[in-house]
Amino acid sequence: MTLAIKVSGLVKHYESLVAVNNISFDVKEGEIFGFLGPNGAGKTTTIRMLTGLSRPTAGTIELLGLNINSDVKAKKLIGVVPEASNLYDDLTALENLFFMGKLYGVPKKERCKRAEALLELFRLQEKRNQLFGTLSRGMKRALTIAAALIHNPKILFLDEPTVGLDVMAARSLRKVIQELSYQGMTIFLTTHYLEEADMLCDRIAIIVKGEIITTGNPEDLKEMATKEQAMEFTVSNDASKLIEPLAALTGSRPILINSNTLRCIGATNDLLAHICKVVQEAGVKVIHINTVRPTLEDAFVRITGLSPTVMSAEKGGK
Amino acid sequence: MLDNLRGIWCIIAKDMKTYYLKPPAVSWGMVFPVTWTLAFYLRNPVDFKGLIPGLIAMTALFSTTAAEAVVINFELRLGTLERLLLAPINMAAILLGKILGGAIFGFIMSTIVTVTCALFLNFHVNWPSFFLILLPSLLAFSTMGSLLCLLVREVFEAQTLLNLPRFVMVFASGVVYPIEFMPRSLQIFAHFLPLTYAVKGFKSVSTIGTTSLPALHAAILLGFFTLFLFPAIKLLGKKFQ
């Protein structure tokens, strides 16, 4: 399969700060490739270099065989959606799309056709004559993505596409991203949402402190966390009093998920009888019990050694 | 090349629509020089004709730089300028688009003022020579404005910084008071100001009549344009690194 993105030995220094440290990866054509990492990991710096906004300190970037920094044709092949929705507040939705189309040299007839199709795809037909500045956050995001697609790019770069969106807007946006991928577009996205990466990406690179820790498809990454099975059970009363006896009897590591739910990491099916005994002796009823399939979050924690809370923190410390 | 030319045109058209042809830019570019001139006219209508070249030069200066703080600093802050950089056009084309937007607005405003003076105040001008001076003046002023805006981050900082050379030049470039009657040190200082050559140039192409050559003033103004352009391109590049 042809490579859409080929990155070798990419480095970015800001004076003494090493933002990206010698990373290399490939993205195949038609793939959704996710860059997953906490805030400040180097995701945006990488996307800025990949899209020609920032020059690398060292390393090479090829987009469909073209050098983004020296070949202007490469810019015509890519669509970019930055983290902030940055279209013109004083232009309407349609005018913004036309402006971007003109900038990329899309012929007038084609421009009109594509603008209409994109407004339909993002369900913005009724907002076509509304100023960008007056649209809701979700609509602004959708229109910013539409603007990045007006010239029909081969590769779409999305920097934190669903940050700040409500659940419904984020969901419909993910649907569109998947649709674009079905149509054969290569998609490179950065995110710090583990579920988003899990849902959307064919392959994921985990980046921490400017370095890629690992690359693989979500299932492979989760497989790395399966070495430690877990059992989770919900009881009728306070579950905290079970922690000590369970740890002593089963040798597992019980974690309180909420006041009634415990997760015993390292507990296998063989220990089920022991767990039931401890629960019975404590005089509580088991409401629900199941083995826990590792999530991408488990894999992330295991691979990076970081707490999952670093991923739930929004940018700017929110 | 074609991509860059198209990009320049798109930026000009968009900036004219969203910034320049709006009341704040029109009022700053037009009302200030006209009010200023009216004040002098009411004081001494007989000698007023002598002030018209200065009025035209001042209109060119104020109108070209009327919205540059918004066009550059506000767009840098919003990230819309960065969006332009993602398109298949280079940094110089983006800046030229911004500069030419201001210059075209200045052209419209200065031409309106000059035509009004010609129609109602019996001000005669050699039109081809007039444009020979006007065009490089607009380029020099607009590029100077862009350079100053790129030196700072915020819109209000840019507005403040722009006011400094604007008002210094109005007083030191012979707009109202002839340079020949100024102290020697100010006469030397005036030679470093682009507005001086615009005022001299407009005088030389009108019936006010000076012996200086319009082409020489035009060449010096083009020199200022080049002098301001290259550091401005460099500064714009630095904003994205």
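**Exercise 1. Chain A at a glance**

Among contacts in chain A between residues at least 6 apart in sequence, what percentage join residues at least 24 apart? Then describe the chain as a whole.

Solution. The model is a predicted one. Start with the contacts: 68% of those between residues at least 6 apart join residues at least 24 apart. Next, count the elements. Chain A has 12 helices and 14 strands. Then take the extent. Its C-alpha trace spans about 75 × 45 × 35 Å along the principal axes. Last, burial: 42% of the 318 residues in chain A are buried.

**Exercise 2. The sheet with β1**

Give the strand order of the sheet that contains β1 of chain A, and explain which strands stand at its edges.

Solution. Step one: the order is β2-β1-β4-β5 in chain A. The sheet is open, has 4 strands and pairs in the antiparallel sense. Step two: look for strands with a single partner. These are β2 (17-28) and β5 (66-67) of chain A, so each has one side without a neighbour in the sheet. Step three: check one inner pairing. β1 (residues 3-14) and β4 (residues 58-63) of chain A are antiparallel and share 5 bridges. A:Ser8 has A:Thr60 in β4(A) as its bridge partner. Step four: add the helix. α1 (residues 43-50) of chain A lies across β1, β2 and β4 of chain A. The angle of α1 to β1(A) is about 120°.

**Exercise 3. One residue of β2**

Is A:Ile23 buried or exposed? Find its surroundings.

Solution. First, place the residue: A:Ile23 lies in strand β2 of chain A. Second, count neighbours. A:Ile23 has 22 C-beta neighbours inside 10 Å, and the threshold for burial is 20 or more, so A:Ile23 is buried. Third, list its contacts beyond four places in sequence. They are A:Val7, A:Leu10, A:Thr46, A:Glu211 and A:Ile212. Fourth, compare sequence with space. A:Ile23 and A:Val11 are 12 residues apart in sequence, with 6.9 Å between their C-alpha atoms.

**Exercise 4. The sheet with β11**

Work out the order and edges of the sheet that holds β11 of chain A.

Solution. The order is β12-β13-β11-β14 in chain A, an open antiparallel sheet of 4 strands. β12 (253-258) and β14 (286-292) of chain A each have a single partner strand, so these two are the edges. Neighbouring strands of this sheet are turned by 20° against each other on average, direction ignored. Now zoom in. β11 (residues 230-235) of chain A runs antiparallel to β14(A), joined by 6 bridges. A:Val235 has A:Val286 in β14(A) as its bridge partner. Helix α9 (residues 243-250) of chain A lies across β12 and β13 (261-265) of chain A. α9 runs at about 150° to β12(A).

**Exercise 5. Two positive phi angles**

Compare A:Arg123 with A:Glu160 by backbone angle, location and burial.

Solution. Begin with phi. A:Arg123 has a positive phi near 55°, and A:Glu160 one of about 45°. Neither residue is a glycine. Now locate them. A:Arg123 is in the loop between α4 (108-121) and α5 (137-149) of chain A. A:Glu160 is in the loop between β7 (155-159) and α6 (167-182) of chain A. Finish with burial. A:Arg123 is exposed, with 12 C-beta neighbours inside 10 Å, whereas A:Glu160 is buried, with 23 other C-beta atoms within 10 Å.

**Exercise 6. Interface and cores**

How many residues does each chain give to the contact? Then find the largest nonpolar core.

Solution. Chain A gives 19 residues and chain B gives 17. On the side of chain A, α2 (73-76) and α3 (93-103) are the elements that give two or more residues. α3(A) gives the most, with 3 residues. That side divides into 10 nonpolar, 4 polar and 5 charged residues.

Turn to the core. The largest has 149 residues. Those with the most contacts inside it are A:Leu97, A:Ala146, A:Ile150, A:Phe157 and B:Ala57. α7(B) gives the most to this core, with 12 residues. Apart from it lies another core of 12 residues, including A:Ala230 and A:Phe233.

**Exercise 7. A helix in chain B**

Test whether the length of α11 of chain B agrees with its residue count.

Solution. α11 (residues 214-239) of chain B has 26 residues. At 1.5 Å a residue, the expected span is 38 Å. The end C-alpha atoms are 37 Å apart, which agrees. Its buried residues include B:Leu221, B:Phe225 and B:Phe228. The buried residues of α11(B) pack against α6 (91-120), α7 (127-150) and α10 (194-204) of chain B.

Conventions:
Residues are numbered from 1 along each chain as its sequence is written. Chains are lettered from A and ligands numbered from 1 in the order in which they are written. This is a predicted model: local features need pLDDT of at least 70, side-chain atom pairs count only at pLDDT 80 or more; totals for chains, interfaces and linings use all residues. Two strands pair if DSSP finds at least two bridges between them. Two residues are in contact if their C-beta atoms, placed from the backbone, lie within 7 Å. Axes are lines fitted to C-alpha atoms, for helices over the stretch in contact, and angles run from 0 to 180 degrees between N-to-C directions. The expected span of a helix is 1.5 Å times one less than its number of residues. Ala, Val, Leu, Ile, Met, Phe, Trp, Tyr, Cys and Pro count as nonpolar, Asp, Glu, Lys and Arg as charged, and the others, Gly among them, as polar. A nonpolar core is a set of buried Ala, Val, Leu, Ile, Met, Phe, Trp, Tyr and Cys residues joined through C-beta atoms within 7 Å.
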